[in-house]
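Please open the model in your viewer and keep the selection panel at hand. The stops below are meant to be followed in order.

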Amino acid sequence: MQKNAYFTGLTVPLLLLLPQLAITVVFFYWPASQAVWQSFLLQDAFGTSTEFVWFENYQALFSDPGYLKAFINTAIFSSFVCVLSLSIALLFAVMADRQIRGAEVYKTLLIWPYAVAPAVAGVLWLFMFDPSLGMLARGLSTMGIAWNPRLNGNDAMLLVILAATWKQISYNFLFFLAGLQSIPKSVIEAAVIDGARPMRRFWTIIFPLLSPTTFFLLVVNIVYVFFDTFGIIDTITGGGPSGATETLVYKVFSDGKGGSNLGGSAAQSVILLIMVIGMTAVQFRFIERKVNY
Amino acid sequence: MVEDRRFGDFIAYVILSIGVLIVAFPVWLTFVASTWDAATIINGKLPLYPGPYFFENYNRILFIGTSSTTREPVLGMMLNSFVMAMAIALGKIFISVLSAYAVVYYRFPFRMAAFWIIFVTLMLPVEVRIFPTFKVVSDLRMLDTYQGLAVPLIASATGTLLFRQFFMTIPDELLEASRIDGAGPFRFFKDTVVPLSITTIAALFVIQFIYGWNQYLWPLLVTTKDSMQTIVIAIKKMIVTSDALTEWQLAMATAMLAMLPPVLVVILMQRLFVKGLVETEK
């Protein structure tokens with residue numbers, strides 16, 4: 001953590017830190033503390049008076065079926081996106097790890113969706129699955145499958161999951177490939193000599209050795225699904241139909257929009273903050289373990 | 001290896017090709033849609049190959065704008081996105097190189113406190129504190145400005161952690177040697193630390209440029225004037241009206257233009273991109 005050779009003095013290091021500290025205090029600590037403070041306040045409908053209400057906003061949240069639903073939506077959404085994007089990415093990474101010709105080209109062709117904005121990814125998938133003009137939606141209807149993400153909550157959830165998965169595969173692929181390439185070839189060759197078939201080699205050697213990468217990706221993916229998918233949800237469904245795709249982060253936004261329920265929105269922010277701190281703590285424990293490993 | 005690999009390699013080609021198809025299909029369809037006219041798309045008769053309206057559609061959105069929804073030409077929005085992405089990337093590099101240098105190379109009373117103050121910001125993405133942050137920006141009269149778009153998104157710890165990690169790997173002997181040559185902290189920073197950090201800086205730049213260009217919720221709140229909006233939020237505005245009025249071919253051409261710069265950055269600077277991605281997540 002500390003160099004053995006260093007400079008001393010107080011003014012210069014503080015001046016160096018000043019830009020970052022100033023921006024952090026003004027645009028991070030001040031608004032974050034406002035969020036905590038607001039979560040204890042209740043504003044009347046006209047915004048004329050505010051009252052300190054202790055934990056009333058939190059109590060109101062936990063008795064609000066809409067908030068419970070957002071929790072369930074987030075759980076469904078994140079587990080599907082994590083499982084799908086991780087397993088598909090792992091499959092591609094295992095294939096790209098083979099010494100085949102053109103592996104580098106395939107790698108390039110698989111990683112660029114990382115650069116597509118979530119909101120743009122949402123528009124692309126909306127266009128394919130729009131019930132009246134989407135090419136794939138029409139394909140579904142000619143096969144006799146009823147499909148309408150604008151009215152059917154399950155269809156909407158499925159579409160959001162597909163778009164979020166599509167966007168996340170490239171990221172997971174990249175990390176899985178790096179993880180695979182760091183497994184010593186000698187270990188795998190030894191298994192080959194022992195007569196282990198490819199499938200068995202994968203499940204008994206490669207997959208366990210990849211577990212640090214997998215666990216790291218799991219945490220990162222949960223954070224991704226929680227926060228970075230806002231653009232996908234907003235462009236595809238806007239949280240609808242009737243709240244079927246409203247996640248926790250989306251609800252912070254939609255409840256606070258127009259200042260109608262700032263206290264409730266702030267209380268949701270605080271709960272999310274606690275959840276993120278929990279996940280970060282888990283991640284750090286894991287990184288410490290990896291160092292000892 | 002010892003066993004016959006031909007069958008396995010064949011399977012690998014098939015699966016990877018399917019993967020590339022899945023990844024590319026939505027974008028191909030978007031490109032195709034951007035080269036046809038509205039009637040073809042609305043009737044659901046969009047073919048899988050490009051049509052004859054490429055120049056007409058792109059010319060119209062780039063220089064004229066859609067008639068009904070966003071009104072502004074997309075070229076100006078791309079400029080806004082570019083300024084915002086550059087400001088975020090360069091701003092973050094600037095403040096985090098300086099603060100990491102202070103934290104690593106100086107010993108002073110509040111060093112650890114300063115580090116933790118910065119470090120905690122890792123935990124709260126802007127989406128969560130969106131309304132209080134919006135209020136601060138509006139109180140500072142920064143709505144509809146480039147500063148308002150960029151500066152609040154600079155407040156994060158990723159860059160500082162990255163540079164701190166890299167500076168820790170610079171051997172102490174370099175500092176001792178440059179001291180013997182009579183160099184002070186500024187000379188050492190300028191002549192030794194920054195030149196050594198160039199690849200790290202470039203890698204962080206690539207990641208942050210993509211992050212900045214792709215911002216959605218923040219520009220949506222902070223810009224009210226049409227002339228200040230970014231290209232990513234413009235697409236949403238183009239399709240928000242009812243189906244019959246949506247000029248899909250123009251929205252799709254805008255989507256193509258919104259994807260182009262960050263995707264080009266990833267493909268052309270792949271090595272830096274991978275380095276930046278892997279190292280900022282450590």
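The tour of this predicted model visits each chain and then the contact between them.

**Chain A**

Begin by selecting chain A and colouring by secondary structure; 12 helices and two strands should appear. Reading from the N terminus, one helix is followed by the two strands, after which the remaining elements are helices. Turn the C-alpha trace onto its principal axes: the spans are about 75 × 75 × 30 Å. The radius of gyration of chain A is 24 Å, whereas a compact globule of 293 residues would have one near 19 Å. Colouring by burial would mark 41% of the 293 residues as buried. Among contacts in chain A with a separation of 6 or more, 69% join residues 24 or more positions apart.

**Chain B**

Select chain B next. Here the count is 14 helices and zero strands, so the order of elements is α throughout from the N terminus on. The C-alpha trace spans about 75 × 70 × 30 Å along its principal axes. For the 282 residues of chain B, a compact globule would have a radius of gyration near 19 Å, but the chain has 24 Å. Buried residues account for 46% of chain B, and 71% of its contacts with a separation of 6 or more link residues 24 or more positions apart.

**The contact between the chains**

Finally, display both chains and select the residues in contact: 77 from chain A and 83 from chain B. On the chain A side, highlight helix α1 (residues 11-38), which supplies the largest share with 17 residues. Colouring that side by residue class gives 59 nonpolar, 14 polar and four charged residues.

How values were computed. Residues numbered from 1 in each chain as written. Chains lettered and ligands numbered in written order. Predicted model: local features only at pLDDT ≥ 70, side-chain atom pairs only at ≥ 80, totals over all residues. Contact = placed C-beta atoms within 7 Å. Helix = DSSP H or I, 4+ residues; strand = E, 2+ residues; numbered from the N terminus. Nonpolar A, V, L, I, M, F, W, Y, C, P; charged D, E, K, R; others polar. Rg over C-alpha atoms; globule rule 2.2 N^0.38 Å. Buried ≥ 20, exposed ≤ 12 C-beta atoms within 10 Å, placed from the backbone.
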